[in-house]
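Colleague: I have a model open in front of me and would love a close look at one part of it. Could you take me through it at an unhurried pace?

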Amino acid sequence: MPNDENQKLSPMLNIEQFYIEQYLLDEVERRPDLIEVRWDCKVTKVERSTKEVLLGLSTPKGDYTAVTDWLVACDGGRSLVREALGLELKGASYEGRYVIVDIELESDLPTERLAWFDPPSNPGSSILMHRQPDNIWRIDYQLNKDEDADEAIKPENVIPRVQSHLDMIGQKGKWSPIWITIYKAHALTLDRYEHGRVLFAGDAGHLVPIFGVRGANSGIDDADNLAWKLALTVKGVASDKILKSYSDERVFAAQENLNYGTKSTEFMAPPSFAFELMREAVLSLAVKHPAVRSLINPRQTASITYTRSALNCQGDNSASFRSGPSIGGVLTECPITVVNGSCQLPGYLTDLMKPQFTVFCFTEKGELPRELNSLLSECRRLEIPFGLVAISRVKPLAAEGNVAWDHSGKLFAMYDARPGTCYFVRPDGHVQSRWRETSGVVVRRELEFILAAGTAD
Ligand SMILES: Cc1cc2nc3c(=O)[nH]c(=O)nc-3n(C[C@H](O)[C@H](O)[C@H](O)COP(=O)(O)OP(=O)(O)OC[C@H]3O[C@@H](n4cnc5c(N)ncnc54)[C@H](O)[C@@H]3O)c2cc1C
């Protein structure tokens with residue numbers, strides 16, 4: 001997996017989705033003032049008007065209706081809300097079918113993802129294997145075209161195939177199957193995720209092939225993009241037009257994710273002779289020629305740069321920067337020292353991001369421009385989530401507020417910064433604007449621009 005020393009997180013974090021769901025639920029339960037979970041409650045009907053959405057709900061104790069100002073439909077790939085609105089996912093579905101088997105196995109194999117193409121244990125198809133927490137290993141193998149799917153997932157057919165694979169790679173430990181299912185890759189999305197007061201997120205809006213590992217990841221990115229926009233709309237701080245930018249940005253992201261997922265799928269299960277030939281060529285040449293290796297898709301997720309977002313401001317002509325995240329991109333990670341009063345702790349740049357608009361000001365000694373400090377007080381008064389971070393080039397003696405010291409000098413270089421340079425970042429971590437020099441007036445104008453959803457009103 002490609003990696004670089006500046007990253008806080010390793011390039012691949014492999015964790016079962018039920019852990020993530022539990023962490024999310026734990027967080028939800030910490031905020032009963034904001035969120036109520038209604039278990040065993042099924043949406044059976046959706047009707048919308050320009051002002052509200054009416055839901056028919058069915059529970060074991062009886063049915064009822066609820067009216068809501070906004071509905072975020074994240075009811076998965078078979079979304080009832082999508083169906084109720086008469087919307088259809090568009091794109092491609094692939095023929096290749098994969099059996100997915102999670103097994104429990106004590107093994108000292110390293111933590112990595114491995115792929116076998118045309119292996120003796122499964123001639124003509126491919127096998128993937130990777131470690132998950134708790135000694136669980138995921139094995140995916142492709143079915144041949146003539147195999148019957150129902151038969152293929154019967155334990156009596158799965159167990160010998162897994163055994164033959166484990167024999168092939170010399171794994172002699174005891175193992176047992178935990179979960180068996182079958183999977184077919186889809187590359188589908190809605191044209192828009194904003195339909196008046198109904199907003200689609202996650203699999204309800206798009207289905208990406210698992211081989212790009214971007215399904216749940218991109219659903220989380222949807223939520224990250226939508227939450228602050230919806231909150232600002234509900235509070236009346238931003239124009240509801242900002243929700244259109246949610247749809248535009250995330251449909252764009254889905255298309256990018258589909259491109260990556262499709263590329264991985266075509267590598268795993270070549271749909272035609274030409275793709276097969278390409279894969280053969282890449283795999284055989286990659287042994288001796290490192291330049292070819294990048295064509296083997298690393299199956300990694302990555303953030304998407306919203307190059308065409310209506311919310312992007314231009315700052316100082318961005319082209320004048322020789323490095324640093326471009327407008328629409330996310331912050332490039334870098335180790336820094338977090339300075340809090342006389343206390344200094346090792347950290348990373350993204351540790352300083354909070355769910356708010358943030359201006360990162362590159363400074364000589366951690367001093368923030370006074371004008372920006374007054375904008376901070378004004379935003380507090382108007383309930384606009386806004387913060388400032390000063391990046392100090394030299395070691396600051398003591399600091400008040402959010403100050404980071406670029407102890408290695410890397411950050412200034414990575415961001416092509418000098419004292420006076422500022423990066424303006426949205427609550428979801430995407431860069432909104434960057435300037436060589438800026439003023440409170442300019443930052444306020446850009447803030448107004450985004451709250452008006454990139455329009456002049
Ligand atoms: C085998 C496999 C491997 C995968 N591997 C990866 C991976 O490595 N990385 C990755 O990022 N993604 C992966 N994915 C994709 C990932 O699982 C999905 O993208 C993700 O679960 C989508 O989350 P979601 O919340 O949008 O939908 P879901 O997880 O489907 O959740 C939808 C929820 O809505 C509820 N619901 C549905 N209808 C109703 C209704 N009418 N009323 C009330 N509630 C309703 C459901 O009960 C469910 O709780 C994988 C998927 C599969 C199948």
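In what order do the 6 strands of the open sheet stand, and is the pairing parallel or antiparallel?

Modeller: Happy to! Please keep in mind that this is a predicted model. The sheet you ask about is open, its 6 strands follow the order 6-7-8-5-9-12, and the pairing is antiparallel. The two edges belong to strand 6 and strand 12 (206-207); each has a single partner strand, so one side of each is left without a neighbour in the sheet.

Let us walk across from the strand 6 edge. Strand 6 (residues 113-117) is joined to strand 7 (residues 126-132) by 5 bridges, and the two run antiparallel. If you would like a pair to click on, Phe117 has Ser126 of strand 7 as its bridge partner. On the next step, strand 7 pairs with strand 8 (residues 136-142) over 6 bridges, again in the antiparallel sense. Here Gln132 is placed opposite Ile136 of strand 8. Strand 7 and strand 8 make a hairpin with 3 residues between them. Have a look at Asp134 in that turn, where phi is positive, at about 65 degrees.

Further along the order comes the pairing of strand 5 (90-105) with strand 9. These two run antiparallel and are joined by 13 bridges. A good landmark there is Ile100, which sits opposite Thr181 in strand 9. At the far edge, strand 9 (residues 175-189) runs antiparallel to strand 12 and is joined to it by 2 bridges. In that pairing, Leu188 faces Leu207 of strand 12.

Now rotate the view to find what covers this sheet. Helix 4 (residues 155-168) lies across strand 5, strand 7, strand 8 and strand 9, and its direction makes an angle of about 95 degrees with strand 9.

It helps to set this sheet beside another one in the model. That one is an open sheet of 3 strands in the order 1-2-3, and its pairing is antiparallel. Its edge strands are strand 1 and strand 3 (62-68), each of which pairs on one side only. On average, and with direction ignored, neighbouring strands of this sheet are turned by 20 degrees against each other. Strand 1 and strand 2 (residues 53-59) run antiparallel, with 6 bridges joining them. Within that pairing, Lys45 lies opposite Gly56 of strand 2.

Strand 1 also leads us to the ligand. The ligand is surrounded by 20 residues, and the closest are Asp75, Gly76, Gly202, Gly215 and Ala216. Two elements give two or more residues to this shell: strand 1 (42-48) and helix 5 (215-234). Helix 5 gives the most, with 4 residues. By class, the shell has 9 nonpolar, 7 polar and 4 charged residues.

From the ligand we can follow helix 5 to its partner. Helix 5 packs against helix 6 (residues 242-268) at an angle of about 170 degrees, and their axes are 9 Å apart. At that angle, helix 5 is roughly antiparallel to helix 6. On the helix 5 side, the residues in contact include Ser218, Asp221, Leu226 and Lys229. Helix 6 answers with residues including Ile242, Tyr246, Arg250 and Asn257. This contact of helix 5 with helix 6 is made up of 8 nonpolar, 4 polar and 5 charged residues.

There is another helix pair to visit. Helix 8 (residues 370-381) and helix 10 (residues 440-451) pack with their axes 8 Å apart, at an angle of about 35 degrees. Glu371, Leu372, Ser374 and Leu375 of helix 8 meet Gly440, Val443 and Arg444 of helix 10. The residues of this contact divide into 3 nonpolar, 2 polar and 2 charged.

Finally, zoom out to put your sheet in its setting. The protein has 10 helices and 19 strands. Its radius of gyration is 25 Å, close to the 23 Å that the globule rule gives for 457 residues, so the protein is as compact as a globular protein of that length. The C-alpha trace spans about 70 × 60 × 40 Å along its principal axes.

Note on methods: Residues numbered from 1 in each chain as written. Predicted model: local features only at pLDDT ≥ 70, side-chain atom pairs only at ≥ 80, totals over all residues. Near = placed C-beta within 6 Å. Nonpolar A, V, L, I, M, F, W, Y, C, P; charged D, E, K, R; others polar. Pairing = 2+ DSSP bridges. Axes fitted to C-alpha atoms, helices over the stretch in contact; angles between N-to-C directions. Parallel < 35°, antiparallel > 145°, perpendicular 65-115°, else oblique. Contact = placed C-beta atoms within 7 Å. Rg over C-alpha atoms; globule rule 2.2 N^0.38 Å.
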